[in-house]
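Colleague: I should like to understand the reasoning behind the terms applied to this model. May I ask how each one is justified?

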Amino acid sequence: MPGFKMRARSKYTPGTLPRVVSERKEILPVTNPRDVPASVYHDAVLPELPTPQRKGIIDEWFTLSTHILPAAFPRSGPDVPYPEGCDADGLVVSKVEGGPAAKEARVETGVKVRNALYEINRKHWLGELPGNSEKPFWACVNRFVRKVPLRSDQEGGRKQVTLLLAHGNGFGKECWEPALLHMLLNSRDDDPIIEEIWSWEAVNHGDSALINKQNLGAFYEWLDNSRDIINFLTYYLPNTIGYSGDELPTHLPLISQDISEARAQSGLTNRTLVGIGHSFGGCTLVHAARLSPKTFSALVLLDPVIAPPLIEPGMTWADGWGLVRPLTALLDGAIIRRNGWESKAEALHSFKKNSFFATWDPLSVELYVECQLWENKESGEAKLKMSGTWEGSVFAGHRGLFEAWDVLPLLDERVALKFIMPEAHLLDLESAPYLPFLRPKNCSHIVIVGTGHLLCHEAPQDTGDEIWSFLRKEYGSTWQGKL
């Protein structure tokens, strides 16, 4: 079982951390949905959920429902078709069939697709791919509401908090449930009250990807995930806390203009919002908190992919694509990975023998198969909801992690930060252990020993315990003593 240890204080100080001359571009503002042309969303045929509603694994305490909302409009980049070597669904195809030669040809095609994805991002950075996609994109979000409303005499001075969860690349909105389960199993009477949980899903992941399949392409801008999250929190998050029986329609309605304007100016005055993000999700939450400074009370960041640009003197950020070797390796693996199995049962059997899943908690593996694969109703065949090229486009468009290095020190010091880090970081860069020192005030960090980058999948109990410990410290019954 992984354990905890506090990292010894670094030899670095905020003044000696690596700094760069920022080439960060301004984030595209989030347009009020009421100002979006009606033909884009309001007059469009509303999509249905591609998979049925399900019970969450924390059903003892919270009722789960899945909802759809429009993503931010327009997008931060143009529509870019898949490069040569991909089929209409973005899957890498090879003209050679069968045997070792087919595998070699597939790898060779994958390298060409990878290089094409990097070139697309380089050109976009240089302004050679102008334009902003005006295609409609939709996002899915899971809502967890308490089974039983709390009586006023049960509150006991405890703070009530709303959680917003953001997944890493290649995973979906359901991946947090094992950690949530352990959090709730270990709750105490003096703990903060989780009033509601919303688990976000990016437009090219999971059920969101199935809805947006026809509009996805070879380019993805990380900052659009941040914009989509703020679009949700400003214009679609209900103004009242729900309980079991308080059902919302599948398509979340716009809240009132007055409330949206108040949120844009002052944040969520009737909620205490804690963002919890892993990897890509953690990075994009940092951008979201910068975009809307008064929205979040705290951020819990699980090995967020944030680093200074790996460039030499005289180079620009556009020259640095492909220099983050761990991301290139993940990109290569994503592009050519297997996409289909005879059934979910066969996929689960295969995953249990796969070294990638060997360190995962068994419940995390089972939940991945249940929720990140979809089944053909006629044949029973199971396929990944997110194609390898969609996942690869996220790895390829990693400028957002460089920009977050500049953004993190600028976050409002009112926003509490908690870094939960593994022993083995994804990027394996010298800068990784020093992220907490970029904005040291109102910030804490811990390392979960024996874990890698996918710590919330490998050690959901320890991850949940550490998140709960932070919430208890910040918002438990003794929270007023900190003021």
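Modeller: Certainly. A cavity is a set of grid points where a 1.4 Å probe fits but cannot get out, and its volume is the space filled by probe spheres set on those points. The model discussed here is a predicted one. Its largest cavity has a volume of about 80 Å³, and the search of the whole structure finds 6 cavities of 30 Å³ or more.

Colleague: Which residues line the largest cavity, and how do they divide into nonpolar, polar and charged?

Modeller: A lining residue has an atom within 4 Å of a point of the cavity. Among those lining the largest cavity are Phe171, Glu174, Trp360, Leu367 and His457. The lining divides into 7 nonpolar residues, 4 polar and 1 charged. Helix α10, residues 362-372, gives the most to this lining, with 5 residues.

Colleague: What makes the contact between aspartate 224 and arginine 75 a salt bridge?

Modeller: The rule asks for a side-chain nitrogen of Lys or Arg within 4 Å of a carboxyl oxygen of Asp or Glu. For aspartate 224 and arginine 75 the N to O distance is 3.7 Å, so the pair satisfies the rule. Aspartate 224 lies in helix α5 (residues 222-235) and arginine 75 in the loop between β2 and α1, so the salt bridge ties together parts that are 149 residues apart in sequence.

Colleague: With which other aspartate does arginine 75 form a salt bridge?

Modeller: Arginine 75 also forms one with aspartate 228, where the closest N and O atoms are 2.8 Å apart. Here, too, distant parts of the chain are linked, for aspartate 228 is in helix α5 and the two residues are 153 apart.

Colleague: Why are arginine 75 and aspartate 228 called buried?

Modeller: Buried means under 20% relative accessible area. Arginine 75 has 5%, so the term applies to arginine 75. Aspartate 228 has 0%, and therefore is buried as well. Aspartate 224 is also buried.

Colleague: Lysine 473 and glutamate 474 meet in a salt bridge at 3.6 Å, N to O. Is each of these two residues buried or exposed?

Modeller: Exposed means over 50%. Lysine 473 stands at 53% relative accessibility, so lysine 473 counts as exposed. Glutamate 474 stands at 11%, which is under 20%, and therefore counts as buried.

Colleague: How many salt bridges does the rule give, and which residues do shared partners join into one network?

Modeller: The count comes to 23 salt bridges. Salt bridges that share partners join Lys173, Glu174, Glu201, Asp207 and Lys385 into one network. Glu174 is also one of the residues lining the largest cavity.

Key: Residues are numbered from 1 along each chain as its sequence is written. This is a predicted model: local features need pLDDT of at least 70, side-chain atom pairs count only at pLDDT 80 or more; totals for chains, interfaces and linings use all residues. Side-chain values use heavy atoms; hydrogens and water are left out. On a 1 Å grid over the protein atoms alone, a cavity is a set of points where a 1.4 Å probe fits but cannot get out, and a pocket is an open set with protein on both sides within 12 Å along at least five of seven lines; lining residues have an atom within 4 Å of a point. Helices (H or I, at least four residues) and strands (E, at least two) are DSSP runs, numbered from the N terminus. Ala, Val, Leu, Ile, Met, Phe, Trp, Tyr, Cys and Pro count as nonpolar, Asp, Glu, Lys and Arg as charged, and the others, Gly among them, as polar. Buried means under 20% relative accessible area, exposed over 50%, partly exposed in between (1.4 Å probe, protein chains only).
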